[in-house]
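Biologist: Got a minute to walk me through this model? I have the sequence and the fold open.

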Amino acid sequence: MYSNRNSFMKQFLAALLILLLTSQSIVAQHDHIHGKVVNDNDRLPLAGITVTLLPTNKTAITDENGNFIFNETLAQITAIKFSGFGYEYQIIKAADFSLGAVISLKPKAATTLNEVIVNSGASVKQQNQISKLDIKMRGITNSQEVLRIVPGLFIGQHQGGGKAEQIFIRGFDCDHGTDISLNVDGMPINMVSHAHGQGYADAHFIIPETIESVDFKKGTYNAEKGNFDTAGYVDFKTANAVDKNTIKLEGGMFNTMRVVGVLNLLNEKQKANQQSWYMATEYNYSDGYFDNPQHFNRFNFFSKYHGKVSKSSFLDISASTLQSKWNASGQIPDRAVAEGLIGFYGALDPTEGGVTSRSNLNAQLFTTFKNHDLVKNQIYYTNYNFDLHTNFTFYLEDPVNGDQIRQKEKRNLFGYNGSYSHIGYSGETKFTTDAGINIRYDKTNNSELSHTVDRYTVINPIKLGDVSELNAGVYLSETIKFNERWNINAGLRFDQFYNQYNNKLATDPTLNDIGLYKANANIVSPKLSVYYHANAKTQFYIASGRGFHSNDTRAVVVSNGKEILPPAYGVDLGTIYKPTSNLLLHLAAWYMGLKQEFVYSGDGGIVEITGATKRIGLDGSVRCQPLQSLYIDIDINYAHGRYTDEHKGQDYIPLAPIWSSTGGIMYKNKNGFNGGIRYRYLSDRPAIEDNSLTAKGYFVTDAVLNYTKPRYEIGLRINNIFNTRWKETQFATETRLQNETTPVTEICFTPGTKFMALLGVSYFFN
């Protein structure tokens, strides 16, 4: 089977090379309409701007270098319209437009739903426009809001803010990232073969104030995405430039404080030469709302340069670092609270907690050729450290010392992403070809799982070794636009994995002896989507594709590489409808089938394969702006999931969300009072396969109120304004408390935040 797959890969690479070479001959004619769009403030290129030819209403979207191209000539049109979310639109008469011209768009102070275009060349990434609108209207005030910007995505924290959040989306309990791909500026956030769980995605190194947009798509439908893209992907993009310097101070209940600074590092002359460089820093401290103080500390630093380095190339270079440490109360059993052993916000093992750090270097080069083809090259490097102490079962295994464990690793991550994009025409049919290569290499040293006591003393080592994992992927995606109504996208992806584990522990229960263990596997992932634009207000689409999630290398070598890349098959049928300029509706019905579910058993250091599953569901979104200053958003999601190989009544998927909803009302005033109120709702859901234990749902409401002036802003943020007592994360766990003779399987939980008020002051300057 491997030889057939390798033969396929060689044929695929050969076809890709032929395509890239032959496409160079399809050079756009010099008299065809083309040009570039830049920001009027800093002269930097604007990606995602809609360019519309009048009166034909044909559209194109600017690429990362701000370029656009049409097959038409100026003689065939009367005018060209340039419009983009957050910018003043501009119409230029054909007689006044010069081929290859650079068009400047002025940023708008106020943004509206009217700017979201349904029937555009960007329709296959419609969600990108929605995320920009949500960010502008709602704002992102903390690191958790970074993820909550995605409709239907829920998070749960069970380590007081120091650990990556548990993620729920589309009927998936993704744990910390097993079934969702998270990236920032093209660099992966997910960690493979992580000490605490496969796909572990800690996004806390992203400073919220630096985020410009969030691109997301649910499902397995993008050929560019590989590992973990089952429930979907989320791509964060940081701003290339900032228009003002900011210093923000925030403080409030539970000894909580936050300091943020965002500063430009270049002068106006350098900005005029299409150069930008800024830095941002963030410091957080909080004791938290738990009975035992968290002493949570986090420091972030981020710096990014974006500039023109040649006539046809722009360069992005960014560097960031995260340092974080905390104490944690962990998950506590229901009975410990019911019997009065501890309070709702108490801890049975107050020595839990951790230390983590992540430092990144990221460089991207965007080059446009004379025929308007775009080539992107990216290299990145991450140095990562993680040391976590948790206690899931208390005194189940060791009635004397307790069951606290330590999960620790040191990692170096290297990667390369390369892509090529070409636009060609055959008559009136437009062909957009995207091809690329992704290479990622993870190397961890002394990945450790140990039995500890009081966080510092190791009683018994359980697993210890070095992980080496290489993932190489290639993809080809073709989008065919027959006219302004039909878009068809077909994609194909091939991924190859090489796994090595150097076992350093002779007593490892899963392996025979110390030494090097190897395995490899590969997978082919086809994609097909069709988009139909009925009119300027309505779009229908059907998307389908095959995706996958990989398994932990330590489990891969045990199984000798067999069944370690289980495929996921997905189908979406949906519509986007904008009946009026101030109302946008999105509805999708979907199906997802997985050959194997992966559930990480943190206290055992293994990934459990629990069987095949299927899910069906509905996603609905409403965006409404009845007044320019008033914005309403509602997302409602339903999912029904079951194991396919289990008997009825024993086939529930633990912790899989069923009903969920988020929404809010925001009032925006440029110079004055603004703010809003938001809710999030998660229904009850099974906590165990026979549904005998239930993870209780919750309804929590937050609010924010700001007074904004050009030079400053004063803000009040309140979490859980009704002081609801709720359980943020819940697990069915077998535990034994000290002095108990019999273990009990029941819900263990981490409580959600109490009423919490934070006051902030921001100062803006040039």
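Biologist: Which residues does Phe236 contact, leaving aside its neighbours within four places in sequence?

Modeller: This is a predicted model, to start with. Phe236 is in contact with Val146, Leu147, Asn183, Val184, Asp185, Ile189, Ile206, Ile211, Ser213 and Val214, leaving aside neighbours within four places in sequence.

Biologist: And which residues touch the most other members of the largest nonpolar core?

Modeller: Phe236 is one of them, along with Leu153, Ile189, Val214 and Val234. That core has 35 residues.

Biologist: Which elements give two or more residues to this core?

Modeller: One is a helix, α3 (143-148). The strands are β9 (166-169), β11 (180-184), β15 (211-218), β16 (232-238) and β32 (583-594).

Biologist: What does the second core include?

Modeller: Phe344, Tyr395, Leu693 and Phe749 are among its 23 residues. It is separate from the other core. In soluble globular proteins, nonpolar side chains tend to be buried together.

Biologist: Back to β32. Is Ala588 buried or exposed?

Modeller: Ala588 sits in strand β32. Its relative accessible area is 1%, so Ala588 is buried. Outside its neighbours within four places in sequence, Ala588 contacts Arg170, Tyr541, Asp572, Leu573, Gly574, Gly617, Leu618 and Asp619.

Biologist: How far apart are the C-alpha atoms of Ala588 and Asn637?

Modeller: They are separated by 9.6 Å. Along the chain, the two residues are 49 residues apart.

Biologist: New topic. Where is Tyr380, and what does Tyr380 touch?

Modeller: Tyr380 belongs to strand β24 (residues 374-390). Tyr380 is buried because its relative accessible area, 6%, is under the 20% cut-off. Not counting residues up to four places away in sequence, Tyr380 touches Gly186, Met187, Pro188, Leu361, Asn362, Leu413, Phe414, Gly415, Tyr416, Asn417, Ile439 and Arg440.

Biologist: What separates the C-alpha atoms of Tyr380 and Asn669?

Modeller: 40 Å, with their positions 289 residues apart along the chain.

Biologist: On to the backbone. Which residues does a cis peptide bond join?

Modeller: Leu54 and Pro55, with omega at about 10°. Pro55 is in the loop between β2 (50-54) and β3 (58-61).

Biologist: What is phi of Asn57 near?

Modeller: Near 65°, which is a positive value in a residue other than glycine. Asn57 also lies in the loop between β2 and β3. Its relative accessibility is 44%, so Asn57 counts as partly exposed.

Biologist: And phi of Asn255, what is that near?

Modeller: Near 55°, again positive in a residue other than glycine. Asn255 lies in the loop between β17 (245-252) and β18 (256-264). Asn255 is exposed, at 53% relative accessible area.

Biologist: Zooming out. How many helices and strands does the protein have?

Modeller: Six helices and 45 strands. The C-alpha trace spans about 90 × 65 × 50 Å along its principal axes.

Biologist: How does the radius of gyration agree with a compact globule?

Modeller: A compact globule of 766 residues would have a value near 27 Å; the protein has 26 Å, so the two agree. Buried residues make up 59% of the 766 residues.

Biologist: What about contacts and charge?

Modeller: Take contacts with a separation of 6 or more: 64% are between residues 24 or more positions apart. There are 73 positive and 73 negative side chains. The centres of those two sets lie 7 Å apart.

Technical notes
Residues are numbered from 1 along each chain as its sequence is written. This is a predicted model: local features need pLDDT of at least 70, side-chain atom pairs count only at pLDDT 80 or more; totals for chains, interfaces and linings use all residues. Side-chain values use heavy atoms; hydrogens and water are left out. Helices (H or I, at least four residues) and strands (E, at least two) are DSSP runs, numbered from the N terminus. The radius of gyration is taken over C-alpha atoms; the globule rule is 2.2 Å times the number of residues to the power 0.38. Buried means under 20% relative accessible area, exposed over 50%, partly exposed in between (1.4 Å probe, protein chains only). Contact means heavy atoms within 4.5 Å. Lys and Arg count as positive and Asp and Glu as negative; His and the chain ends are not counted. The place of a charge is taken as NZ of Lys, CZ of Arg, CG of Asp or CD of Glu. A nonpolar core is a set of buried Ala, Val, Leu, Ile, Met, Phe, Trp, Tyr and Cys residues joined through side-chain atoms within 4.5 Å.
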